[in-house]
Structures are given as structure tokens and as C-alpha cells.
Amino acid sequence: MNSHSLMRSAIVDLGSNSVRLVVFEGRERNPVMIFNEKATLRLGSGLDTSKRLNPKGVALAEDVFKRFYAVATTMGADPFVVLATAAVRDATDGPEFINKLNQWMPNVPIHILTGEEEADYAAAGVLCSIPNADGVVADIGGGSMELVQLCGQQRFNAQTLPLGVIRLMDRSERKVSKAKSIVTKDLKTVEWLDEVKKKNLYLVGGAFRAMAQLYMEYTSYPLSIVHYFTLPYDEAKRMVEWTIEKSKGGLNNNMPTFIHKRLNDLPYAATVLGQLLARMRPEKIIFCAEGVREGWYMRNVVSQSARSQDPQESAARDISERLGRVKEFPLALMQWTSSLFKDESVTMKRLRWNACLISDSGCHDHPAYRKEESYRRILCMAGMAFDHPTRAFLALTTAMRYEAGVEEEFLSSAKKILTHKQFEQAVILGMAFRVAYTLSGNLPSLLLRTRLKVGKKKLTLYFSHHLDAVISDAVTRRLSRLGQLMGLETQLLPDHEDEPKALKAPKASKKQ
């Protein structure tokens with residue numbers, strides 16, 4: 001077990017709408033959340049007129065913070081910090097509230113973030129899982145919205161606007177039409193937005209996430225994971241219009257509890273997004289579940305060397321180490337499948353390497369349920385490293401390795417998420433894995449005494465002359481099935497290259 005695996009860090013995110021305690025375990029590249037609890041205090045309600053924190057929220061706060069303190073200290077979290085944002089930052093009685101916090105949570109550092117610091121941490125949170133992010137991050141809270149430009153893993157511009165959903169609701173006197181004019185006027189002050197038209201828009205914050213979740217349910221989207229949910233510009237506009245219209249009539253009782261709690265906020269979040277779309281006309285919008293908390297974690301807990309790792313490869317390696325049996329086998333499998341795809345792109349090679357890493361992740365499942373359990377484990381895994389097509393590709397590849405049939409009902413989500421070509425490639429790769437594991441018994445030295453060659457008309461499995469005994473009916477049958485999928489005849493031939501090739505690690509992946 002990694003020496004950092006039991007180290008814990010805790011962050012209390014004190015916002016204008018809610019306060020949340022998150023406890024992370026480890027010091028790894030991808031944050032592992034082991035505790036996550038939220039309380040809605042709406043401290044920023046009425047702040048725009050009273051200039052003070054909502055007294056009802058203040059009255060509720062003591063029990064919440066004492067509980068958070070007990071949980072985090074009992075878990076042994078260190079570091080343990082409070083990050084306070086717009087409500088405490090702007091309220092005249094903010095210092096008084098901080099004094100109370102010091103009593104409720106003794107010896108816990110409390111940082112009142114400036115707008116720029118909040119934007120900086122939000123940007124770092126997005127880069128945690130999407131290091132190639134290129135465009136604008138919009139982090140909406142209850143009291144403010146932070147806008148920050150990202151390009152080349154760097155933050156360039158940042159600006160805070162009083163457009164959090166609670167504050168916008170107060171400023172507009174709960175009139176959506178008036179809110180639209182306010183947002184338009186405020187966005188005009190962000191001159192650099194004109195420089196990032198057609199770039200991507202990355203959406204952070206609970207109100208945006210609730211909007212995405214509601215729209216995903218409305219459209220029967222096949223995966224209930226908001227992080228990395230992506231929409232092109234035209235569909236993003238339809239989502240905004242639908243959300244505002246839907247909110248007018250209320251929502252039915254079948255909606256998740258957290259969406260009901262956000263019901264009053266949704267039309268204002270949608271209004272903000274609508275005006276951002278009008279101003280930027282982004283190529284696509286991408287919802288991101290990582291923000292200020294994860295940004296703080298990356299900046300203050302994770303080492304520089306770990307931060308430089310590719311998040312997808314890091315996550316796949318973690319799965320391999322936890323669930324795989326032979327640590328050298330993924331490298332052997334990567335080498336053995338190297339001729340599978342002609343003119344393989346950098347993206348496909350990266351996918352193939354991550355698939356090799358997780359290919360043994362179902363080895364401890366019951367054989368009767370292995371294919372489906374493995375599929376769902378990868379498709380729905382916790383963590384933020386994988387976008388939805390990558391999740392679906394890796395899940396499908398793993399299911400095929402465990403003898404799933406392409407027409408099985410549980411694979412329907414992958415069919416909906418992946419293109420036809422992506423689906424076909426995942427099936428072929430998974431079937432190749434099936435041949436490799438059957439042939440080698442998960443032994444790298446045995447696998448590398450064979451080699452797979454894809455020709456124009458034939459798929460050939462070469463084997464060392466003394467390995468005749470391992471070429472079983474099962475190997476022949478599965479090789480034949482792989483050839484059928486690829487439209488190739490299959491053959492087995494003795495190999496004149498008796499010595500196995502040395503294992504070579506693939507070149508380090510560039511950040512996605």
C-alpha cells in the first residue's frame with residue numbers, strides 16, 4: 001500500500017448558499033473523496049440589501065460546523081481548512097462570523113478568499129481533471145460568479161461578478177426578465193470575453209450541475225454523471241430555454257431531492273448561462289464537478305511531480321494496482337496488441353494503453369457476473385479523470401474481455417455514447433484481450449513468446465515452436481472470432497523469433 005494512502009485532508013467550502021465538508025484520502029494525482037456532506041444555510045440571502053449575513057443561516061451554522069469539526073478531526077485530517085467565499089467576504093458582519101467559527105472549530109485555519117483567489121482555485125480544479133482545458137471557466141455560487149480564462153494549463157484573466165444565484169435573485173427582485181438585463185450589463189464589464197469567442201465554456205458550481213442533471217434526465221442521457229457532460233452550442237441554448245420554461249411550472253415529485261432544493265435557483269443559473277452563450281458563442285459547454293475544493297487540494301496537498309501526471313493514466317494505473325494480478329502484464333499486452341489498428345492515432349494509442357492497464361480489473365468478481373460488473377465498475381467509477389466517451393470505451397473493452405456479447409442489453413449505454421467506429425474499436429480490442437488472456441494465463445513471459453500480426457487479408461498468431469501445447473481449441477476459436485470482427489482470415493504459425501521481446505513502457509502520455 002502506498003505510504004500516502006491513509007493521509008487525509010479536509011476542506012470546508014463555506015459558500016453563500018451552502019457549506020460543504022469534503023475529506024480526501026491520499027496525496028495522489030486524482031483526489032479520492034471519502035466523505036462529502038453539505039448543509040444549506042443560504043448565508044448570502046438578502047445580503048445585497050442588508051449587507052449582513054442571513055440571520056437564519058447564522059443561527060443554523062453552529063451545529064453544522066461543530067459536526068464538521070468532529071468528523072474531520074476524528075478522521076485525522078491534516079491539513080484541515082475552511083475556505084470562505086463571497087458571502088463572508090462581502091458581509092459587514094463577516095469578521096464577527098469568523099470569530100464564531102474560530103470558537104466552533106479551534107485551531108482550524110480560515111481563509112477568506114478574494115474573488116481572484118476563488119477564480120484561481122476554480123481554474124486549478126478544472127485543470128485537475130481537464131488539463132488541456134482551453135476557454136473560459138464560469139464558477140457560479142450563491143453570491144458571485146468567477147470567470148477565468150484557461151489556455152495551455154495557464155490562467156490568464158480572472159474577474160468576479162455579483163451574479164451568484166442568490167444575489168441575482170435579490171438584485172432582480174425575483175424577476176427573471178430583470179435578471180437577464182442585469183446579467184447582460186454585468187458581462188459587458190468583462191472586456192476580455194471578446195477575445196475568447198468560439199472557445200469552450202467550462203461550467204462549475206452546484207446550480208449549473210443541477211441544471212445539467214435535470215436536462216440529462218429529460219433527454220434520457222445514458223450516464224448519470226454530470227462531470228464531463230458536454231453539449232454543443234445549439235443544444236446548450238435549447239437546454240437554457242427548456243430550463244427556464246420548465247421552472248415556471250415547477251418540477252414533478254420524481255425529481256432528485258437536490259434538484260428540488262435548487263428549484264428556485266435554476267432559472268437564474270440558466271439566465272446567466274444564456275447570456276454567456278450569447279456573448280461567447282462557445283463551440284461547446286462542458287460541465288465540471290471539480291472546482292475550488294479540488295483546486296485547493298491540487299495546489300496545497302499534491303506534489304508538483306504528481307500534478308504533472310496525466311490524470312487518465314494515473315487513474316488507470318491505480319485501478320491496475322488495486323485490482324490487477326500481475327503488474328507487468330499490461331505492458332506485455334500493450335506490446336502484443338501494437339499491430340491491431342492500422343495508422344493508430346495518438347488518442348487511440350492512449351486509449352489502448354489505459355485499456356491494457358484496467359484489463360484485469362474484474363478478476364476478483366464472480367464469473368457469473370464478471371462481464372457486467374466489470375462494465376459498470378469502469379463506466380460508473382468515482383473520480384474525474386475520464387470523459388464520457390473514454391468511460392464507455394474502457395468499460396466496453398473490459399466487458400468484451402470478459403466474454404460479453406455485443407448485443408447484450410447492459411451495453412446499450414456504450415452504444416449511445418460512442419460513435420460506430422469507437423464502438424467497433426473497443427469490441428475488437430476487448431476480443432484481442434480475450435485471446436491474450438486465454439493464451440497466456442496472465443503470464444507476460446508466455447504472452448510475449450507469441451505475437452499478433454494484422455495483414456491485409458489475414459490475422460496471424462505466431463508462436464514459438466515449443467508452445468504447441470498452449471494453442472488450445474479455446475485459443476483457436478477466440479482468434480477466429482476476432483478475425484471475423486476484423487473481416488480477416490486467421491491462421492496460427494510457428495515463429496522463428498524464439499526469444500520474447502523485452503518489455504518497453506510506452507512513452508509518457510501527454511496530459512489530455
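**Group meeting talk: salt bridges, turns and a charged patch**

Okay, let's jump straight in with Arg-293: it counts as buried because its relative accessibility is 12%. By buried I mean under 20% relative accessible area; exposed is over 50%, and partly exposed is in between, with a 1.4 Å probe and protein chains only.

Quick housekeeping. What you see is a predicted model, where local features need pLDDT of at least 70, side-chain atom pairs count only at pLDDT 80 or more, and totals for chains, interfaces and linings use all residues. Residues are numbered from 1 along each chain as its sequence is written, and side-chain values use heavy atoms, with hydrogens and water left out.

Back to Arg-293. Which residue does Arg-293 meet in a salt bridge? That's Asp-13, at 2.8 Å from N to O. The pair ties together parts that are 280 residues apart in sequence, since Arg-293 sits in helix 12 (residues 292-300) and Asp-13 in strand 1 (residues 8-14). Asp-13 counts as buried too, because its relative accessibility is 13%. When I say helix, I mean a DSSP run of H or I with at least four residues, and a strand is a run of E with at least two, both numbered from the N terminus.

And a salt bridge? That's a side-chain nitrogen of Lys or Arg within 4 Å of a carboxyl oxygen of Asp or Glu. The general idea is that side chains of opposite charge can pair when their charged atoms come close. How many salt bridges does the structure hold? The count is 27.

Next, please click on Glu-403. This residue forms a salt bridge with Arg-478, and the closest N and O atoms are 2.8 Å apart. Here again distant parts of the chain are linked: Arg-478 is in helix 22 (residues 473-486), Glu-403 is in the loop between helix 18 and helix 19, and their positions lie 75 residues apart in the numbering, as in "75 residues apart". Are the two partners buried or exposed, or something in between? Arg-478 counts as buried because its relative accessibility is 17%, while Glu-403 is partly exposed, at 44%.

Glu-403 also has an unusual backbone angle to look at. Its phi is positive, near 75°, and this is a residue other than glycine. For background, most residues other than glycine have a negative phi, and most peptide bonds are trans.

What comes before Glu-403? Helix 18 does, with Glu-403 following it. Helix 18 has 14 residues and reaches 20 Å from its first C-alpha to its last, close to the 20 Å expected at 1.5 Å a residue. That expected span is 1.5 Å times one less than the number of residues. How many residues of helix 18 are buried? It's 13 of the 14, so the helix is largely enclosed by the rest of the structure.

Stay in that loop for a second, between helix 18 (388-401) and helix 19 (412-417). Glu-408 is there as well, and it counts as partly exposed because its relative accessibility is 23%. Its C-alpha is separated by 9.6 Å from that of Glu-372, 36 residues away along the chain.

Glu-407 pairs with Lys-415 in a salt bridge, closest N and O atoms 3.4 Å apart. Glu-407 counts as exposed because its relative accessibility is 65%, and Lys-415 counts as partly exposed at 34%. Elsewhere, Glu-116, Asp-120, Arg-155 and Arg-299 are joined into one network by salt bridges that share partners.

Now two more backbone oddities. Gln-153 has a positive phi too, near 65°, and it's in the loop between strand 7 (145-151) and strand 8 (154-161). Gln-153 counts as partly exposed because its relative accessibility is 38%. Then there's the peptide bond from Asp-78 to Pro-79, which is cis, with omega near 10°. You'll find Pro-79 in the loop between helix 2 (55-74) and strand 4 (80-84).

Last stop: the surface. Which residues form a positive patch? They are Lys-197, Lys-198, Lys-237 and Arg-281. Patches here are made of residues with over 30% relative accessible area and no salt bridge, with like charges joined within 9 Å and nonpolar side chains (Val, Leu, Ile, Met, Phe, Trp, Tyr) within 5 Å. Lys-237 lies in helix 9 (residues 233-248), and it counts as partly exposed because its relative accessibility is 35%.

Technical notes: Areas by Shrake-Rupley, 256 points an atom, 1.4 Å probe, with all protein chains shown as cover. Lys, Arg positive; Asp, Glu negative; His and termini not counted. Charge placed at Lys NZ, Arg CZ, Asp CG, Glu CD.
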